[in-house]
Amino acid sequence: MKIGIIGTGYVGLPTGVGLAELGNDVICIDREKSKIDALNSGILTIYEDNLEELFHKNIKEGRLKFTTSMQEGIKDADLVIIAVGTPPHPVTKEADMKYIHAAATELADYLTRYTVIATKSTVPVGTGDDIESLISRKNPNAEFDVLSLPEFLREGFAVYDFFNPDRIIVGTNSQRAKAVIEKLYEPFKGKSELLFVSRRSSETIKYASNAFLAIKIHYINEMANFCEKAGADILEVAKGMGLDTRIGKRFLNPGPGYGGSCFPKDTLAMAFMGKQNDIDLTLINAAIKGNEERKNHMCERILNSIKDIKNPKIAVLGLAFKDGTDDCRESPAVDIVFKLLEQKVKICAYDPKAMDLAKQILGDKIDYANSMYEAIKDADAIAILTEWKEFSSLDLKKAYDLLNHKKIIDLRNLIDKNEAIKLGFEYQGVGR
Ligand code: NAD
């Protein structure tokens with residue numbers, strides 16, 4: 001199948017690589033020339049586990065190409081996937097459709113035969129209808145179907161998730177488009193459920209799923225607060241809860257709040273859609289508010305632990321919004337760093353993968369280290385903000401010797417609390 005993908009970011013790139021690996025001819029399109037130039041020179045523009053090898057392999061075998069030209073990418077395509085960003089509108093916080101509308105308008109001219117246009121971007125309910133009418137207006141002769149194909153990949157596991165999806169949701173009523181999608185996902189037959197629903201249901205499934213997960217994180221953070229006051233241990237509580245298959249084990253890790261390019265913006269967009277439809281989405285609104293407060297609360301925890309130290313310096317471990325990715329968009333770690341800077345705290349940070357992207361946001365406001373130990377040297381406290389596995393193997397003895405004051409604020413519960421206390425650390429986890 002010939003596939004054009006519009007938008008070569010955290011979704012478009014792994015999707016393009018995965019579809020090429022399945023044997024399709026894929027052209028990834030992006031309007032950012034520097035990104036396409038890098039990809040054409042064999043340089044990956046995002047960090048994702050196991051992406052590099054498949055990326056080089058499929059380029060070499062001629063199934064994966066990159067271009068800035070919409071015409072080159074769309075011409076003769078059987079399937080066009082839209083994977084451009086849908087960031088929150090700066091004022092209303094609804095999903096900003098400017099990139100979607102631009103992509104739909106730009107592609108319309110190049111449809112020369114029947115083409116399925118699938119929206120992978122997370123888009124408000126009814127967007128499929130808008131894309132359809134934009135294209136029809138621009139190119140009345142175009143023969144096409146627009147369907148919703150929401151993306152559920154987890155950053156950090158994008159390649160794994162591409163090849164092992166829990167489910168593939170497709171929103172369409174067109175039999176012709178359905179046949180194209182069935183052929184595309186033929187390799188997953190018997191492994192993953194391919195669920196066909198209406199376009200509006202499919203668009204809703206994506207938001208309803210992300211909002212649910214955000215609420216689950218907010219819930220476990222509230223339970224962590226409760227455990228701290230009630231003398232319970234959230235790790236034990238979460239384990240006990242997770243054994244109930246109705247609840248499930250995942251998303252029960254307390255921390256500094258959810259972040260990333262999806263949950264914050266998708267909960268805001270869902271809340272906006274609720275308002276538009278006169279539905280009071282109380283749980284989602286509580287999660288949005290609670291998540292904002294969470295970051296302040298966690299920052300206060302850090303400040304409290306260093307309140308008696310003059311000109312304190314903190315070793316921040318982790319800047320990405322979660323482990324396994326270099327993505328720092330809406331990262332709670334970055335938010336907390338900014339809040340600490342407002343209080344004149346000096347920071348030296350280390351992240352295994354996100355240093356370059358973090359530097360673009362934080363610039364020279366903080367110092368950067370090449371290792372955990374370099375960050376920790378002469379600091380007054382360690383603040384663990386991202387759940388990188390590497391941090392759980394921190395050599396506590398070595399850290400103890402390198403620190404000025406022996407304090408650990410472990411917002412991801414990665415450190416062995418008993419060992420830390422035994423060594424003489426003042427240790428604070430979350431919910432324990
Ligand atoms: P991204 O910002 O990493 O990538 C989007 C890319 O689209 C950018 O490279 C941008 O230059 C390009 N672009 C924008 N307009 C274009 C146009 N008209 N023509 C060509 N290229 C254009 O965004 P992302 O994280 O990949 O997210 C894309 C969409 O997928 C969003 O709607 C997001 O909500 C959704 N999504 C993201 C994830 C995730 O984990 N990142 C998961 C599921 C769904």
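The following exercises, with worked solutions, concern the fold, two helices and three loop residues of one protein model.

The structure is a predicted model, in which local features need pLDDT of at least 70 and side-chain atom pairs count only at pLDDT 80 or more, while totals for chains, interfaces and linings use all residues. Residues are numbered from 1 along each chain as its sequence is written, and side-chain values use heavy atoms, with hydrogens and water left out.

**Exercise 1. Describe the overall fold and its extent.**

Step 1. The protein contains 18 helices and 14 strands; these are DSSP runs numbered from the N terminus, helices being H or I of at least four residues and strands E of at least two.

Step 2. Its radius of gyration, taken over C-alpha atoms, is 23 Å, close to the 22 Å that the globule rule gives for 432 residues, so the protein is as compact as a globular protein of that length. The rule is 2.2 Å times the number of residues to the power 0.38.

Step 3. Along the principal axes, the C-alpha atoms fill a box of roughly 75 × 50 × 45 Å.

Step 4. Of the 432 residues, 54% count as buried. Buried denotes under 20% relative accessible area, exposed over 50%, and partly exposed in between (1.4 Å probe, protein chains only).

Step 5. Among contacts (heavy atoms within 4.5 Å) with a separation of 6 or more, 72% come from residues 24 or more positions apart.

**Exercise 2. Determine how the buried residues of helix 3 are arranged and what covers them.**

Step 1. Helix 3 spans residues 51–60, and its buried residues are Leu-51, Leu-54, Phe-55 and Asn-58.

Step 2. These residues cover an arc of only 105° around the axis, which puts them on the same side of helix 3. The arc is that of the directions from the helix axis to the C-beta atoms.

Step 3. Exposed Glu-53 and Lys-60 lie on the face turned away from the buried side.

Step 4. The cover over the buried residues includes helix 1 (12–21), helix 2 (33–40), strand 3 (64–67) and helix 7 (158–163).

Step 5. After helix 3 comes Gly-62, with a positive phi near 80°.

**Exercise 3. Identify the packing partners of helix 13 and characterise the residue just after the helix.**

Step 1. In helix 13 (residues 332–342), the buried residues include Pro-332, Val-334, Ile-336 and Leu-340.

Step 2. The buried residues of this helix pack against helix 12 (282–305), strand 9 (313–317), strand 10 (346–350) and helix 14 (355–362).

Step 3. Just after helix 13, Lys-344 has a positive phi of about 65°; this residue belongs to the loop between helix 13 and strand 10.

Step 4. Lys-344 is exposed, its relative accessible area being 71%.

**Exercise 4. Examine Phe-251 and Tyr-258 in the loop between helix 10 and helix 11.**

Step 1. Phe-251 is found in this loop. Although not a glycine, Phe-251 has a positive phi of about 65°.

Step 2. With a relative accessible area of 27%, Phe-251 is partly exposed.

Step 3. Tyr-258 also occurs in the loop between helix 10 (234–242) and helix 11 (263–276). At 4% relative accessibility, Tyr-258 counts as buried.

Step 4. Leaving aside neighbours within four places in sequence, the contacts of Tyr-258 include Ala-214, Ile-217, Phe-263, Asn-291 and Pro-332.

Step 5. Between Tyr-258 and Glu-330, 72 residues apart in sequence, the C-alpha to C-alpha distance is 8.6 Å.
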